[in-house]
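Biologist: Before we discuss this model, I would like each label we use to be traced back to the value behind it. Could you show me the structure?

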Amino acid sequence: MPLEAGLLEILACPACHAPLKEAEAELICTSKDCGLAYPVRDGIPVLLVDEARRPA
Ligand SMILES: [Zn+2]
């Protein structure tokens with residue numbers, strides 16, 4: 001389910017405040033040093049560091 005247009009523009013990574021980009025079912029931090037992937041559940045981004053997937 002695509003996120004509402006404009007929503008991505010106001011979202012930022014809670015860990016480093018970099019912009020996020022939309023992926024399959026995740027929002028991924030665009031910071032190279034961070035790169036956390038946040039899950040999107042039922043169309044709602046879960047922007048919690050504790051819930052984020054860390055890059056390999
Ligand atoms: Zn980040």
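Biologist: What makes the site of the zinc ion tetrahedral?

Modeller: This is a predicted model, and in it the angles among the 4 donor atoms of the zinc ion run from 96 to 115°. Four donors count as tetrahedral if all angles lie between 85 and 135 degrees, so the site of the zinc ion is called tetrahedral.

Biologist: How do you know which atoms coordinate the zinc ion?

Modeller: The SG atoms of Cys-13, Cys-16, Cys-29 and Cys-34 lie at 2.2 to 2.4 Å from the zinc ion, and because a sulfur atom within 2.8 Å of such a metal counts as a donor, these atoms are taken as its coordination. Along the sequence, the donor residues follow the spacing C-x2-C-x12-C-x4-C. Cys-13, in the loop between helix H1 (7–10) and strand S1 (20–22), and Cys-34, in the loop between strand S2 (26–29) and strand S3 (37–41), are 21 residues apart, and the pair links distant parts of the chain.

Biologist: Are Cys-13 and Cys-34 buried or exposed?

Modeller: Both Cys-13 and Cys-34 are buried, a term that requires a relative accessible area under 20%. Across the protein, buried residues make up 30% of the 56 residues.

Biologist: Why is the protein called as compact as a globular protein of its length?

Modeller: The elements of the protein, 1 helix and 4 strands, run α-β-β-β-β from the N terminus. The radius of gyration of the protein is 10 Å, close to the 10 Å that the globule rule gives for 56 residues, so the protein is as compact as a globular protein of that length.

Notes:
Residues numbered from 1 in each chain as written. Predicted model: local features only at pLDDT ≥ 70, side-chain atom pairs only at ≥ 80, totals over all residues. Heavy atoms only, no water. Donors = N, O, S within 2.8 Å, 3.2 Å for Na, K, Ca; no water. Tetrahedral: all angles 85-135°; square planar, octahedral: opposite > 155°, others 65-115°. Helix = DSSP H or I, 4+ residues; strand = E, 2+ residues; numbered from the N terminus. Buried < 20%, exposed > 50% of the residue type's maximum accessible area, 1.4 Å probe, protein only. Rg over C-alpha atoms; globule rule 2.2 N^0.38 Å.
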